[in-house]
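Thanks for agreeing to look this one over with me. My notes are below as numbered points, so you can take them in turn with the model open beside you.

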Amino acid sequence: MFTRASSAIMANSQEPDDLPHPQRHNRPRKKRWQYPVAYLLLALVSLANPVSHADPADQAPVKLNYQLLQSRPLKSPFFTQGLEIHEGQLLQSSGLYGKSKLVSRPLNDTAVTAGATWQHALNKQYFAEGLTVFNNTVYLLSWREQTLWRFDVATGKLLGRNTYQGEGWGLTNDQQHLIRSDGSDTLFFHDPETLDLKYRLQVTRNGQAVKNINELEFAQGLIWANIWFSSEIIAIDPASGAVKAVVDIAELAKRERAHNPDPNAVANGIAFDSRNKSFWVTGKHWSQLYQLRIDTDALTRPLSKGQHP
């Protein structure tokens with residue numbers, strides 16, 4: 001829901017009536033004209049307080065299946081904070097103080113042998129976070145330094161920087177706004193040029209706030225997001241903030257734990273390849289990139305009788 005339009009609904013409570021009820025023969029008899037008046041009042045109350053139905057925005061999200069198409073080894077362990085595909089290039093940002101960097105390299109080459117098309121190392125006082133590409137410009141967030149950098153997507157040339165309020169975690173765009181997460185249950189929609197905050201959107205699942213929202217990707221009309229320390233990827237309705245679908249990549253996370261038991265090596269990184277409608281995912285210090293075909297048809301397919309999301 002939009003936080004600027006949110007409101008609270010308070011339920012009234014009544015004290016229990018523990019007084020003895022009058023005996024039947026002591027009750028005054030209702031006059032005949034009072035019955036239609038009572039019925040009329042009941043009808044008016046019903047119109048003023050109609051029976052509430054579940055808000056479709058708060059319905060349980062659909063569980064989506066995926067097919068693993070391939071995996072590719074990473075040349076070096078990235079503490080992945082952002083992942084993006086743009087015209088055959090894979091852009092990846094890696095965090096940690098003193099190690100943060102942004103790298104662009106060909107997607108079609110194997111990650112082991114491919115050299116970087118360009119890369120940019122941040123100064124040691126910065127912790128790189130999420131990234132997105134908009135109008136041939138790469139936007140890169142920092143964690144707590146409230147700094148955003150702009151790079152030319154083809155050459156990696158630094159074009160400028162901006163500041164913003166709050167932390168930076170994930171970043172994506174809807175062709176109109178930069179969409180930022182800060183680890184809370186809220187998404188922030190910024191003007192791409194000025195970084196002015198246009199509005200906030202609260203993310204909910206079954207009507208409950210979803211916290212720890214991390215890396216973001218806008219694809220197929222939805223905002224896809226990693227949840228910090230979770231193997232689930234959620235798909236968010238950008239209009240309502242409701243979680244419409246969930247993809248669980250627990251099997252991939254299990255594979256990675258076999259190589260790296262570090263509890264901080266969590267799933268993080270979602271990139272949509274519009275050329276073949278596939279998703280690439282990875283994680284912090286993961287050894288592989290994984291290409292997935294996610295069955296999004298379930299989002300529009302009607303449920304059969306007795307079937308639950």
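1. Let's begin at L222, which sits in strand β18, the run of residues 222-227. Please keep in mind throughout that this is a predicted model. Is L222 buried or exposed? With a relative accessible area of 11%, L222 falls under the 20% cut-off and therefore counts as buried. Beyond its neighbours within four places in sequence, L222 is in contact with E217, A235, I236, D237, P238, K244 and L299. V243 makes a useful distance check: the C-alpha atoms of L222 and V243 are 9.4 Å apart, with their positions 21 residues apart in sequence.

2. On confidence, the chain has a mean pLDDT of 83, and 76% of its residues reach 70 or more. Residues 4-35 have pLDDT below 50, and that stretch has 5 contacts in the model beyond near neighbours in sequence. A second stretch, residues 41-54, also stays under 50, and there the model has 0 contacts beyond four places in sequence. If you plan to use the coordinates, these are the two stretches I would point out to you.

3. For the overall picture, the secondary structure comes to 2 helices and 23 strands. The chain has 309 residues, and 45% of them are buried. Taking contacts between residues at least 6 apart in sequence, 52% join residues at least 24 apart.

4. Strand β7 covers residues 128-134, and 7 of its 7 residues are buried. Which strand does β7 join through 5 bridges? The partner is β8, residues 137-142, and the two run antiparallel. Across this pairing, F134 stands opposite T137 in β8. The hairpin has 2 residues between the strands, and N135 takes a positive phi near 55°.

5. Two further buried residues are worth a look. R72 belongs to strand β2, residues 66-73. Its relative accessible area is 14%, so R72 is classed as buried. The side chain of R72 makes a polar contact with the side chain of Q70, at 3.2 Å. As general background to reading strands, side chains in a regular strand alternate between the two faces of the sheet.

6. The other residue is T204, in strand β15, which spans residues 204-205. T204 is counted as buried because its relative accessible area is 6%. T204 and S240 lie 36 residues apart in sequence, with 8.7 Å from C-alpha to C-alpha.

7. Now to the open space. How much space lies in the largest pocket? The computed figure is about 390 Å³. The pocket is lined by 18 residues, of which E84, I85, Q175, F272 and S274 are the closest to its centre. Several strands each supply at least two lining residues: β3 (80-86), β7, β11 (171-173), β17 (213-219) and β21 (267-273). So that you can tie this back to point 4, β7 is the strand with 7 of its 7 residues buried.

8. Finally, the enclosed space. The structure holds 1 cavity of 30 Å³ or more, and the largest cavity has about 30 Å³ of space. Which residues line the largest cavity? They are L141, L148, Y164, L171, L178, R180, H190 and L195.

How values were computed:
Residues numbered from 1 in each chain as written. Predicted model: local features only at pLDDT ≥ 70, side-chain atom pairs only at ≥ 80, totals over all residues. Heavy atoms only, no water. pLDDT = per-residue confidence, 0-100. Contact = heavy atoms within 4.5 Å. Buried < 20%, exposed > 50% of the residue type's maximum accessible area, 1.4 Å probe, protein only. Helix = DSSP H or I, 4+ residues; strand = E, 2+ residues; numbered from the N terminus. Pairing = 2+ DSSP bridges. Polar contact = N/O pair within 3.5 Å; in protein donor to acceptor, adjacent residues only side chain to side chain. 1 Å grid on protein atoms, 1.4 Å probe; cavity = no way out; pocket = protein on both sides within 12 Å on 5 of 7 lines; lining within 4 Å. Points joined across faces, edges and corners; volume = space filled by probe spheres on them.
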